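Subject: Structure for your files

Dear colleague,

Here is the structure I said I would pass on. My notes on it follow below.

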Amino acid sequence: MSSAGLTVPLSAIRRDLELSPRTGLGSERIDPERVEMFAALLRDEPGALPPLIVVGANEATTAQLREPDALLLADGIHRYAARELLGGDLIESVPVELHRVAPGAAPEALTYDLGVETAAK
């Protein structure tokens, strides 16, 4: 189940580079030039980039999803880093596409699967 239109503080999103097919084991890490390019786009037009793809607990309330480390980043590591670099309003209200993990399922598995899916696009 996924939902768009939600905004959360950047602090609510935990990034784990090992779960990302783009930056995980055997891959290159974060590309500083890409981060700078995204930062320039965000500086000019805060809504210029797609929302971050995140995974959260199925039973979590909207308030709980805004708590520190409540969500796992599935896709958007460079967009995340660009927002982190710029700070201010860009880290207080981050647009996300939320995918809720089924009860009893591992959020890390869904996070990785979504990362693979979006990397293949």
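Which elements do the buried residues of H3 pack against? They pack against S2, H1, S3, S4, helix H4 (89–92) and S5. Please bear in mind that this is a predicted model. The rest of what I found is set out by topic.

Overall make-up

The protein has five helices and five strands. Read from the N terminus, the order of elements is β-β-α-β-α-β-α-α-β-α. Of its 121 residues, 39% count as buried. Among contacts with a separation of 6 or more, 76% are between residues 24 or more positions apart.

Confidence

Mean pLDDT for the protein is 84, and 85% of the residues reach 70 or more. By element, H1 has the highest mean, 95, while helix H5 (residues 107–119) has the lowest, 72. Where pLDDT is low, predicted coordinates should not be read in detail. Please keep the mean of 72 for H5 in mind when you come to the notes on that helix.

H3 and its packing against H1

H3 is mostly covered, with seven of its 10 residues buried. The buried ones are Ile77, His78, Arg79, Tyr80, Ala81, Ala82 and Arg83. Just after the helix comes Gly87, which has a positive phi near 65°.

One of the partners of H3 deserves its own description. Two packed helices are described by the angle between their axes and the distance between the axes. For H1 and H3, the axes come within 8 Å and cross at roughly 65°. The crossing is right-handed. On the H1 side the residues involved are Arg34, Val35, Glu36, Phe38, Ala39, Leu42 and Arg43, and these meet His78, Arg79, Ala81, Ala82, Arg83, Leu85 and Leu86 of H3. By type, the residues of this contact divide into eight nonpolar, one polar and five charged.

Nonpolar cores

In soluble globular proteins, nonpolar side chains tend to be buried together. In this model the largest nonpolar core has 16 residues, and Val8, Ile13, Leu52, Val54, Leu71, Leu73 and Val96 are those with the most contacts inside it. Two or more residues each come from strand S1 (2–8), strand S3 (52–57), strand S4 (71–75), helix H3 (77–86) and strand S5 (94–101). S5 contributes the most, three residues. There is also a second, separate core of eight residues, including Phe38, Leu49, Ala81 and Leu90. Phe38 and Ala81 also appear in the contact of H1 with H3.

The loop before H1

Arg29 and Ile30 both fall in the loop between S2 and H1. Arg29 has a relative accessible area of 39% and is therefore partly exposed. Ile30, at 28% relative accessibility, is partly exposed as well. Each can be paired with Ile77, a buried residue of H3. Arg29 and Ile77 are 48 residues apart along the chain, with 9.8 Å between their C-alpha atoms. For Ile30 and Ile77 the C-alpha separation is 7.5 Å across 47 residues of sequence.

Asp69

Most residues other than glycine have a negative phi. Asp69 has a positive phi of about 60° although it is not a glycine. Its place is in the loop between helix H2 (62–65) and S4. Is Asp69 buried or partly exposed? At 48% relative accessibility, Asp69 counts as partly exposed.

Helix H5

Two residues of H5 can be related to Asp75. Leu114 lies in this helix, and at 8% relative accessibility Leu114 counts as buried, since the limit is under 20%. Apart from neighbours within four places in sequence, Leu114 is in contact with Ile53, Val55, Ala74 and His99. The C-alpha atoms of Leu114 and Asp75 are separated by 7.2 Å, with the two residues 39 apart along the chain.

Val116 is in H5 too, but with a relative accessible area of 36% Val116 is partly exposed. Val116 and Asp75 are 41 residues apart in sequence and 8.8 Å apart in space, C-alpha to C-alpha.

That is what I have on this structure.

Best wishes

Note on methods. Residues are numbered from 1 along each chain as its sequence is written. This is a predicted model: local features need pLDDT of at least 70, side-chain atom pairs count only at pLDDT 80 or more; totals for chains, interfaces and linings use all residues. Side-chain values use heavy atoms; hydrogens and water are left out. A nonpolar core is a set of buried Ala, Val, Leu, Ile, Met, Phe, Trp, Tyr and Cys residues joined through side-chain atoms within 4.5 Å. Buried means under 20% relative accessible area, exposed over 50%, partly exposed in between (1.4 Å probe, protein chains only). Helices (H or I, at least four residues) and strands (E, at least two) are DSSP runs, numbered from the N terminus. Axes are lines fitted to C-alpha atoms, for helices over the stretch in contact, and angles run from 0 to 180 degrees between N-to-C directions. A crossing is left-handed if the near helix is turned anticlockwise from the far one by less than a right angle, and right-handed if clockwise. Contact means heavy atoms within 4.5 Å. Ala, Val, Leu, Ile, Met, Phe, Trp, Tyr, Cys and Pro count as nonpolar, Asp, Glu, Lys and Arg as charged, and the others, Gly among them, as polar. pLDDT is the predictor's confidence in each residue, from 0 to 100.
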